[in-house]
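Work through the exercises below with the sequence and the coordinates at hand. Each task is followed by a solution in steps.

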Amino acid sequence: MEFDTLKNKKLLLVDDEQDLLDMVQLILQTEGYTHLKTAGTVREALAAVRAWKPDLALLDVMLPDGDGFSLLEQMRAESDIPVLFLTARGEDEDKFRGLGLGADDYIVKPFLPRELILRVGAVLRRCYPAERADGEGSVRLAACALDFDRAEVVRGGERIPLTATEFKLLRALCRNAGKIVTIDLLCEAVWGDNPYGYENSLMAHIRRIREKIEANPSKPVSLITVKGLGYKLITEGAK
C-alpha cells in the first residue's frame, strides 16, 4: 500500500489565461493535488513565491507584464524550487532557453491531461526523493520497526498496517528523529496550510500510533510527549 505524500506539495500555476488555469487546476485536483495557487502576472507569481513558498511552479512563457524566462531568472535568484514550463511556445530555441535557465521540464500546449500528470509527478519525485533513515525505508524503534515502503509496523513477526494519517505523522517525526516536532508542524504535515483546530484529532492519532508501536502504550518510550511543545520520536541512534 503506497501513500503518495508528494501530492501534498504546493503547486503554483502561472498563466494569464483563466480558462487554461481552471483546466490545469481541475486536472491536478482530480489526480489528488490539493494545495494549488494561481497567478496571472510576473508580479503576482513573484509575490506568491516569496509569501507562499511553493514546492513546484508551472510557468507560461507569455505573460502580460513580462515573460516566463525572465520570471524564472528572478525566481532562481532567490529560490531553487523546481519549475516546469507549460506554454504554447514550442520552438526548439524556446525549449533550449527554458531548460538552459534551469527549468526542470518543458511541456508544449496543447497537451494531454495524462502527460501533464506524469510529468509533474516525475519532476516532484526527482526533486523530492523520499527521505529514508537507512536507505531501505525501515526505521528501528524500541519495540518494533517502521517499514515506510509498505506503510506498516513490523512487531514480533506481525505486520500492522498504518493509515494514511499515521504514515504522514510518522514520516514527519522520523525526519526529525530525536528532536521536538511542534503540534502545529505535525498538524500542517497532515492537514496542510490551515492546521488550526486539529489538535484533538492529532492527539487521537498519536494515541493510535502508540498502540501500534509501543510495548506499553500508556508508558511510551519511542513516541514521547514534550508537554506544551509537541512530540519526539526516539529511533535507534537518535537521542
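**Exercise 1.** How many bridges join strand 3 to strand 6, and in which sense do the two strands run?

Solution. Residues are numbered from 1 along each chain as its sequence is written. The model is predicted, so local features need pLDDT of at least 70 and side-chain atom pairs count only at pLDDT 80 or more, while totals for chains, interfaces and linings use all residues; side-chain values use heavy atoms, with hydrogens and water left out. Helices (H or I, at least four residues) and strands (E, at least two) are DSSP runs, numbered from the N terminus. Strand 3 covers residues 56-59 and strand 6 residues 83-87; three bridges join them, and they run parallel. Two strands pair if DSSP finds at least two bridges between them. Leucine 58 has leucine 84 of strand 6 opposite.

**Exercise 2.** Place this pair in its sheet and find the edges.

Solution. Step one is the strand order: 2-1-3-6-7, five strands in an open sheet with parallel pairing. Step two is the edges: strand 2 (36-39) and strand 7 (105-108) each have a single partner strand, so one side of each lacks a neighbour in the sheet. Step three is the twist: on average, neighbouring strands are turned by 20 degrees against each other, direction ignored.

**Exercise 3.** Determine which strands helix 2 and helix 3 touch.

Solution. Contact means heavy atoms within 4.5 Å. Axes are lines fitted to C-alpha atoms, for helices over the stretch in contact, and angles run from 0 to 180 degrees between N-to-C directions. Helix 2 (residues 42-52) packs on the sheet and touches strand 1 (11-14) and strand 2, its direction making about 170 degrees with that of strand 1. Helix 3 (residues 68-76) also packs on the sheet, where it touches strand 1, strand 3, strand 6 and strand 7; its direction makes about 170 degrees with that of strand 6.

**Exercise 4.** Trace the connection from strand 1 to strand 2 and give its handedness.

Solution. Start with the pairing: four bridges link strand 1 and strand 2 in the parallel sense. Leucine 13 has threonine 38 in strand 2 as its bridge partner. Then follow the chain: from strand 1 it passes through helix 1 (residues 18-31) to strand 2, a right-handed β-α-β crossover. The term applies if, with the strands pointing away from the viewer, the path from the first strand over the helix to the second runs clockwise.

**Exercise 5.** Describe how helix 8 meets helix 7 and helix 6.

Solution. Take helix 7 (residues 183-191) and helix 8 (residues 199-213): their axes come within 10 Å and cross at roughly 85 degrees. The two are therefore roughly perpendicular (under 35 degrees counts as roughly parallel, over 145 as roughly antiparallel, 65 to 115 as roughly perpendicular and the rest as oblique). Helix 7 contributes Ile183, Leu186, Cys187 and Trp191 to the contact, and helix 8 contributes Glu199, Ser201, Leu202 and His205. By class this gives five nonpolar, two polar and one charged residues. Ala, Val, Leu, Ile, Met, Phe, Trp, Tyr, Cys and Pro count as nonpolar, Asp, Glu, Lys and Arg as charged, and the others, Gly among them, as polar.

Next take helix 6 (residues 164-174): its axis and that of helix 8 come within 10 Å and cross at roughly 85 degrees. Helix 6 is thus roughly perpendicular to helix 8. The contact joins Thr165, Glu166, Leu169 and Leu170 of helix 6 to Leu202, His205, Arg208, Ile209 and Lys212 of helix 8. Four of these residues are nonpolar, two polar and three charged.

**Exercise 6.** Lysine 53 and alanine 151 have positive phi although neither is a glycine. Is each buried or exposed?

Solution. Buried means under 20% relative accessible area, exposed over 50%, partly exposed in between (1.4 Å probe, protein chains only). Lysine 53, with phi about 55 degrees, is in the loop between helix 2 and strand 3. Its relative accessible area is 55%, so lysine 53 is exposed. Alanine 151, with phi about 55 degrees, lies in the loop between strand 9 (145-147) and strand 10 (152-155). Its relative accessible area is 3%, so alanine 151 is buried. Arginine 150 is in the loop between strand 9 and strand 10 and counts as partly exposed at 48%.

**Exercise 7.** Which peptide bond joining lysine 109 is cis?

Solution. The bond is to proline 110, with omega about -5 degrees. Proline 110 is found in the loop between strand 7 and helix 5 (113-127).
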